[in-house]
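Work through the exercises below with the sequence and the coordinates open. Try each task before reading its solution.

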Amino acid sequence: MNRFDYVRAGGLNEAVREGAGDNVRYLAGGTNLIDLMKENVERPGRVVDINRLPYATIDDLEGGGLRLGALVTNADTAWDDRVAKRYPLLASAILAGASPQLRNAATNGGNLNQRTRCYYFYDTATPCNKRAPGSGCGAIGGVNRIHAILGASDSCIATHPSDMCIALAALGASVRVEGPDGARAIPFAEYHRLPGDEPWRDNNLKPGELVVAIDLPAEDFSAHYTYLKLRDRLSYAFALVSVAVALRIESGTIADARIALGGVAHKPWRVPSAESVLHGERPGQPAFLAAAHAITEGAVGQGENDFKIPLVRKAIVRALRQAANGTPQSQIDKRVA
């Protein structure tokens, strides 16, 4: 690990001031950043500890929404009574990820900003455009079983690792940030980026900005939802494919549908135009298959991960059936229902 300056910010203004400039990283739970620093993947010149900032609460919003503080741990978020009752999809996705020990330390803001788990990104002896711009992408033509089938580019085929973010994408959350230019809210769909020709940019934060909260809208998907995560082992593994589904069913037909995918792209993958295929339809195999093909249109494998294309389509159908039946996937008994 390289030498770096450490600053413990006493307030927002100090954090923003110290976070300005090149090669600075904010520290909250540290469950990803510290690993990256130990592996010399991240070599910040300054680390700004933000744990004293007042963003460790969950608060009700006018109109029925909920504001999740960026410094609330993943565990406290998942087990909050309001989250569990009004946003069970989010609670389920959080509990599908990592381990209890990590969920007790990891924060909501940090979860949004965790880096990819691509083998080549972590191995400093191999080429990686995300870690070393211009060096190439070792995964293209290399070991790419876990890599992207949607939204990839010639520069990067890495995937976004979060479970929580897949649920937040389906729920239509927004991210509140503070920075040198003041406060702003970023719709969740616009927060993360596809790799394009700048794969080192994971999100659309401006220099010096930090996440302070995540706002959840008041819409109720508590009756028909599921988070289905398919992985190589039943615990402590990243998703090969995951599906977050939230449905609103009225008079036997689908009035609203949200489908977000994990493990398949550089960001949580959601295609609203594909979701509209389900609107007004009765829940069933024909409608579910049509949505699955629409949301995965343009999927391209890299050889070792070709299996993900039929897998994700089957997972979407299975997740839609679970949600429509009101029988969400259990995160305790993780065998696929």
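The protein has twelve helices and twelve strands. The model is predicted.

**Exercise 1. Overall size**

Task: Decide how the radius of gyration of the protein relates to the value for a compact globule of 337 residues.

Solution:
- Start with the expectation. For 337 residues, a compact globule would have a radius of gyration near 20 Å.
- Take the value for the model. The protein has 19 Å, which agrees with a compact globule.
- Add the box. Along the principal axes, the C-alpha atoms fill roughly 60 × 50 × 35 Å.

**Exercise 2. Burial, contacts and surface**

Task: State what share of the residues is buried, and what share of the contacts with a separation of 6 or more joins residues 24 or more positions apart.

Solution:
- Apply the burial cut-off, under 20% relative accessible area. Of the 337 residues, 53% count as buried.
- Turn to contacts with a separation of 6 or more. Residues 24 or more positions apart account for 64% of them.
- Finish with the surface. About 14,500 Å² is exposed, and carbon and sulfur atoms supply 49% of that area.

**Exercise 3. Strand pairing around strand 3**

Task: Find how strand 1 and strand 3 run, then how strand 2 and strand 3 pair.

Solution:
- Take strand 1 (residues 5-8) and strand 3 (residues 46-49). They run parallel, joined by four bridges.
- Check the register. Asp5 stands opposite Arg46 in strand 3.
- Move to strand 2 (residues 24-27). Its pairing with strand 3 is also parallel, over four bridges. Here Tyr26 has Val48 of strand 3 as its bridge partner.
- Trace the connection. From strand 2 the chain passes through helix 2 (residues 33-38) to strand 3, a right-handed β-α-β crossover.

**Exercise 4. The nonpolar cores**

Task: Which residues touch the most other members of the largest nonpolar core, and which helix gives the most to this core?

Solution:
- Identify the hubs. This core has 40 residues, and Leu68, Leu89, Leu90, Leu112, Leu168 and Leu216 touch the most other members.
- Map the suppliers. Among the elements that each supply at least two residues are strand 5 (66-69), helix 5 (88-95), strand 8 (210-216) and strand 10 (241-250).
- Pick the top contributor. Helix 9 gives the most, with eight residues.
- Inspect one hub. Leaving out residues up to four places away in sequence, Leu216 touches residues including Leu61, Leu68, Tyr87, Leu90 and Leu168.
- Separate the other core. Apart from the largest core lies another of 33 residues, among them Leu150, Val271, Leu278 and Ala324.

Note on methods
Residues numbered from 1 in each chain as written. Predicted model: local features only at pLDDT ≥ 70, side-chain atom pairs only at ≥ 80, totals over all residues. Heavy atoms only, no water. Pairing = 2+ DSSP bridges. Right-handed = clockwise from strand over helix to strand, strands pointing away. Rg over C-alpha atoms; globule rule 2.2 N^0.38 Å. Buried < 20%, exposed > 50% of the residue type's maximum accessible area, 1.4 Å probe, protein only. Contact = heavy atoms within 4.5 Å. Areas by Shrake-Rupley, 256 points an atom, 1.4 Å probe, with all protein chains shown as cover. Core = buried A, V, L, I, M, F, W, Y, C linked by side-chain atoms within 4.5 Å.
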